[in-house]
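Here is a short briefing to read alongside the structure. Please keep the model open in your viewer and follow the residues as they come up.

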Amino acid sequence: MTNWRDKLNEEISARLDAIPEPCSIAMGGTTSLAGMGLVDDVAIADDGFVTITLCLTDPACAHFRGMQRFIADEINPLDGVTGLKVVQVLDKLWTPDRVRE
């Protein structure tokens, strides 16, 4: 039996897989945040608060604030989400092997 957290995690993953990664749009080969390997972790607390951690291609990414807004627009309306925080991991670097084929 799937619990509420597993179901919510699947819904969040599907939404993250539908949000286009800004630099890929500029390069003409659109891929999603998840497809680009930017999603490092999704944590769902017992109270429904969601923390999404991104590993960006550049720690100084100019698109981070925009990505935070796009993610919030997609995740906040989901049933069971009581709040959301989108953060950047700073203790590891993005590498091309994170890209999903």
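The notes below start with the whole chain and then turn to one helix and a few single residues.

This is a predicted model. The chain holds three helices and three strands, and from the N terminus its elements follow the order α-α-β-β-α-β. With a radius of gyration of 13 Å, close to the 13 Å that the globule rule gives for 101 residues, the chain is as compact as a globular protein of that length.

**Overall build**

- The C-alpha trace spans about 40 × 25 × 25 Å along the principal axes of the chain.
- Buried residues make up 38% of the 101 residues in the chain.
- Take the contacts between residues at least 6 apart in sequence: 58% of them join residues at least 24 apart.

**Surface and charge**

- The chain has an accessible surface of about 6100 Å², and carbon and sulfur atoms account for 53% of that area.
- There are 9 positive and 16 negative charges in the chain, and the mean positions of these two sets are 3 Å apart.

**Helix H3 and its cover**

- Helix H3 takes in residues 64-75, and its twelve residues should span 16 Å at 1.5 Å a residue; the end C-alpha atoms are 16 Å apart, so the two values agree.
- Which residues of H3 are buried? They are Phe64, Gly66, Met67, Gln68, Ile71 and Ile75.
- The cover over these buried residues of H3 includes two helices, H1 (4-16) and H2 (22-26).
- Strands E2 (49-54) and E3 (83-88) are also among the elements that cover the buried residues of H3.

**Two residues of helix H1**

- Glu11 sits in helix H1 and has a relative accessible area of 25%, so Glu11 is partly exposed.
- Glu11 can be paired with Ile75: 64 residues separate the two in sequence, while their C-alpha atoms are 8.6 Å apart in space. Ile75 is one of the buried residues of H3.
- Asp6 also belongs to helix H1, and Asp6 counts as partly exposed because its relative accessibility is 39%.
- From Asp6 to Ile44 the separation is 38 residues in sequence and 9.4 Å in space, C-alpha to C-alpha.

**Thr53 in strand E2**

- Is Thr53 buried or exposed? Thr53 is part of strand E2, and its relative accessibility is 14%, so it counts as buried; the cut-off for buried is under 20%.
- Beyond its neighbours within four places in sequence, Thr53 is in contact with Leu38, Val39, Asp40 and Asp41, and also with Val87, Gln88 and Val89.

**Thr30 in a loop**

- Thr30 lies in the loop between H2 and strand E1 (39-44).
- Thr30 counts as exposed because its relative accessibility is 54%, and the cut-off for exposed is over 50%.
- What does Thr30 contact, leaving aside its neighbours within four places in sequence? Its partners are Pro20, Ser24 and Ile25.
- For one of those partners, Pro20, the C-alpha to C-alpha distance from Thr30 is 6.5 Å, with their positions ten residues apart in sequence counted as the separation.

Definitions and conventions
Residues numbered from 1 in each chain as written. Predicted model: local features only at pLDDT ≥ 70, side-chain atom pairs only at ≥ 80, totals over all residues. Heavy atoms only, no water. Helix = DSSP H or I, 4+ residues; strand = E, 2+ residues; numbered from the N terminus. Rg over C-alpha atoms; globule rule 2.2 N^0.38 Å. Buried < 20%, exposed > 50% of the residue type's maximum accessible area, 1.4 Å probe, protein only. Contact = heavy atoms within 4.5 Å. Areas by Shrake-Rupley, 256 points an atom, 1.4 Å probe, with all protein chains shown as cover. Lys, Arg positive; Asp, Glu negative; His and termini not counted. Charge placed at Lys NZ, Arg CZ, Asp CG, Glu CD. Expected span 1.5 Å × (residues − 1).
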